[in-house]
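Student: I am new to this structure. Please take me through one part of it closely, the strands and how they pair.

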Amino acid sequence: GITAATKLTQSLFVSPAGDDGTAVVGDLHLPFKTILGATGSANIGDTIIVYPGTYPSESSNIIKDGVNYYFYPGAVVHPTASLNEWVVNIIDPVYPVNVRGAGTFISDDTDYGAIKIQAKECYFEFDTAKTTNNTTHTGNQGGTVDLEPTNTDGGVYWNDYEKGNPFYVKGNIVNTGDLGTYAGALVWGRQGINAYSLGTFEGSVMQLHPTDTRPAIYIESDSYYYTVNINATVFASGSEAFLNMGRGDIKLRGTYTT
C-alpha cells in the first residue's frame, strides 16, 4: 500500500546498463552509464555508487573534490584509449578524499599508472590497481600507485600518530610491465612529500615483470621529517622488494620477498 518512492537525494548510481541522458539523481532505477556522467551531476557531500561492470570510457577526472565514492566488487575502471594521464588523478583537493569499496583500476598507458593521490586527508580503498605496459617515460611516471601525503602534522616521533589529517590507502597493487627508470609498483613521494607528513598503506604489492629492475616499493624524498607506515605482502620478481631513498621514519610490517 506504500506508493511513495524512497528519496535518495544525495546518492548517484552508476551501471553499465544506465544512460547518462536519462539518469536521475537519487533514483536507483535510472542510473548513469559512466562515472564521469555521475561526477558531473554530483554536489559536495553526495555519494556516487558504482555497480559491477567495466567502465572503459572514463578519464582521470572521475573523482570529484568533496564527493564520496563507493565501488562494488566487480566494478572495473579500465580505459580502452590512452589517457596520457593517470586513471585516477587526485591533486590537492580542498575536501578529504573518501573512496570506499572494492573497485579495480587498470592502466595500459605507457606513460602513467593507475592511481595518484596528492592530498592532506585521504581514505582510499580498492581491490586492485594494475599497470600492464612497459613505460617509455622517464620523468613523470610514478609507477602503478603514487602516494604523496601533503599533511603536515605527522610529527617526528611515533606517538604523534594521534594527530589529525590521516592519509590511509588500502588495496592490492600489481604491475606486469616494465616500469622503466623512475618508478616502482608503489611509489611514495616521487615528486615531493611534505615535511612532517604521515601516511599508511595496507595490502599487497606485486612487481611481476621478470626483467623490471625497479623496486616493488620505492620511497624518495628530500624532507627529513615524515612518517611512512606500510603493512603489506610484497613480491618483486626482478628487483628489490623495498628501496628507501628518503630520510624520514619508515615502519614496515608484513612479508617482503624477491
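Student: Before the strands, among contacts in the chain between residues at least 6 apart in sequence, what percentage join residues at least 24 apart?

Tutor: The figure is 68%. Contact means heavy atoms within 4.5 Å. A word on the source: this is a predicted model, where local features need pLDDT of at least 70, side-chain atom pairs count only at pLDDT 80 or more, and totals for chains, interfaces and linings use all residues. Residues are numbered from 1 along each chain as its sequence is written, and side-chain values use heavy atoms, with hydrogens and water left out.

Now the strands. The chain has 18 strands and one helix. Both are DSSP runs numbered from the N terminus: helices are H or I with at least four residues, strands are E with at least two. Two strands pair if DSSP finds at least two bridges between them. In general, strands of a sheet pair through backbone hydrogen bonds, either parallel or antiparallel.

Start with strand 1, residues 11–14. Four bridges join it to strand 2, residues 47–50, and the two run parallel. Across that pairing, V14 stands opposite V50. Helix 1, residues 35–41, completes a right-handed β-α-β unit with strand 1 and strand 2. Right-handed means that, with the strands pointing away from the viewer, the path from the first strand over the helix to the second runs clockwise.

Strand 2 also pairs with strand 4, residues 68–71. Four bridges link them, again in parallel. There, I49 faces Y70.

Next comes an open sheet of six strands. Its order is 6-9-11-13-15-17, with parallel pairing. Strand 6 (88–91) and strand 17 (242–245) are at the edges; each has a single partner strand, so one side of each lacks a neighbour in the sheet. From one strand to the next, the twist averages 10°. That angle is taken between N-to-C directions, from 0 to 180 degrees, on axes fitted as lines to C-alpha atoms. Strand 17 is joined to strand 15, residues 217–220, by four bridges, and they run parallel. I217 sits opposite F242 in that pair.

Strands also feed the interior. The largest nonpolar core has 51 residues, and F105, I115, I117 and F124 have the most contacts inside it. Such a core is a set of buried Ala, Val, Leu, Ile, Met, Phe, Trp, Tyr and Cys residues joined through side-chain atoms within 4.5 Å. Buried means under 20% relative accessible area, with a 1.4 Å probe and protein chains only. Strand 16, residues 226–236, gives this core its largest share, six residues.

Note on methods. Buried means under 20% relative accessible area, exposed over 50%, partly exposed in between (1.4 Å probe, protein chains only).
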